[in-house]
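Here is a colleague's note to read with the model open. Please follow each point on the structure as you go.

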Amino acid sequence: MNMEVCNGLRRAFLKARRPSVATSPSVDRASVRRVTATLRNALQTTALGMIVGFTALPTARADEPTPPVKKAVSDEAATAVAQMGKTLHARDLSVTARTISVYLDEFGQPLHIFHTIKIAARRPDRIAVEFIGDDGRHDLFYDGKAASVFLPDRKKYMTIPASGDIPSALDEIADKLDLDFPLGVLFAGSPDEVLLGDAMAAEQVGMATIDGVECRHLLFSQKSGIDVELWLEKNDAATPHRLVVTYPLLQGQPSFVAEFTSWKTQPPLSDSEFTFEPPADVKKIEPTAAAAPETERAK
């Protein structure tokens, strides 16, 4: 298994259910964390199951080579995703996404967590994201030198040194600030390669009209045990309009849905878009506070 691709998908998709550092009583944080722990290990578990299953099968001869698994990626799917990759590789990019995370809580009841996410990015090393959802509001800023998470509802913020391209910075933010950006894969160096690199099968399954735009409906079956559906404009830009990720091997088949609007590549974004200037009435907290939100909220 391509571990770089596997890790990219896990970071971008599986951690979508990971609770944000902004909390709200409307979301049972402990329940969400339990579900997150299961999802975080989903790909490793799937990979282990595949290995165990293969070793249990009888073999004719020990020296008989295992035939390679042949990918089934249609030309339509490959071409559309490659076109999407070129579009998303624009220097300046902004978009709004409406997302829904669906999974079972500890009692087996389905939960639906909604977010509106506004994203501005300038390659290779600038991104700003505004999250507004059921678990509160928080803003993310990365200016190439530092990453900040601002919690306006709690009047607090955290800042860490960070460097490198956007994916590298998002990894640092996830590890040190306990904040994950579920759509980070769209801002990878080559989002098309990430998607196709893990695909065992990919095909166009139909057409759909979304907000008056004709789109190709593509389906990808991944080696990592997830299914990805993607709706791309039927033109040379192949701009994404909808994304659905489903985990068929997990209980309740949890899913992540995103619908995109307002894609823009012009005009150029200014440095001020990615620079965080804390308001006078907010308090700076240490990154370790993100790992203990209940304690912080009780203060």
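The points below take up a helix, paired strands, aromatic rings and charged side chains in turn.

1. Status of the model. This is a predicted model. Please read every distance and angle below with that in mind.

2. Helix α4. This helix covers residues 75-88, 14 residues in total. From first C-alpha to last, α4 reaches 20 Å, close to the 20 Å expected at 1.5 Å a residue.

3. The two faces of α4. Which residues of α4 are buried? They are Ala77, Ala80, Val81, Met84, Gly85, Thr87 and Leu88. These residues sit on the same side of α4 because they cover an arc of only 160° around the axis. The face turned away from that buried side carries Asp75 and Lys86, both exposed. The general background is simple: an α-helix has 3.6 residues a turn, so residues three or four places apart point the same way.

4. The β2-β3 hairpin. Strand β2 spans residues 92-104 and strand β3 spans residues 110-122. The two pair in the antiparallel sense, over 13 bridges. One partnership to check is Leu93, whose bridge partner in β3 is Ala121. Five residues lie between the strands of this hairpin. In the hairpin, Gly108 takes a positive phi near 85°.

5. Another partner for β2. Strand β2 is also joined to strand β12, residues 255-264. How many bridges join β2 to β12? There are eight, and the strands run antiparallel. Thr99 stands opposite Ala258 in β12.

6. Aromatic pairs. The count comes to six aromatic pairs. One of them is Phe181 with Phe187, a stacked pair at 6.1 Å centre to centre. Their planes are 25° apart, and pairs count as stacked because the angle is under 30 degrees. Phe181 counts as buried at 6% relative accessibility. Phe187 is buried too, at 2%.

7. An aromatic cluster and a charge over a ring. Phe141, Phe150, Tyr157 and Phe276 form one aromatic cluster. Elsewhere, an arginine meets a tryptophan: the charged end of Arg242 sits over the ring of Trp231. The distance to the ring centre is 5.1 Å.

8. Salt bridges, with Arg91 and Asp92. The total is eight salt bridges. Among them is the pair of Arg91 and Asp92, with the closest N and O atoms 3.1 Å apart. Is each partner buried or partly exposed? Arg91 is partly exposed at 48% relative accessibility, whereas Asp92 is buried, with a relative accessible area of 6%.

9. The Arg137 network. Asp139 and Arg137 meet through their side chains in a salt bridge of 3.1 Å, N to O. Asp139 is buried at 7% relative accessibility. Arg137 is partly exposed at 28%. Glu130 joins these two residues in a network of salt bridges.

10. A salt bridge within helix α5. The side chains of Glu172 and Lys176 meet at 3.4 Å, N to O, in a salt bridge. Where do these residues lie relative to one another in α5? Helix α5 covers residues 166-177, and the two residues are four apart, so about one helical turn separates them. Lys176 counts as partly exposed, at 45% relative accessibility.

How values were computed
Residues numbered from 1 in each chain as written. Predicted model: local features only at pLDDT ≥ 70, side-chain atom pairs only at ≥ 80, totals over all residues. Heavy atoms only, no water. Expected span 1.5 Å × (residues − 1). Buried < 20%, exposed > 50% of the residue type's maximum accessible area, 1.4 Å probe, protein only. Arc of directions from axis to C-beta. Phe/Tyr/Trp six-rings, centres within 6.5 Å; stacked < 30°, edge-to-face > 60°. Lys NZ or Arg CZ within 6 Å of the ring centre and 35° of its normal. Pairing = 2+ DSSP bridges. Salt bridge = Lys/Arg side-chain N within 4 Å of Asp/Glu carboxyl O.
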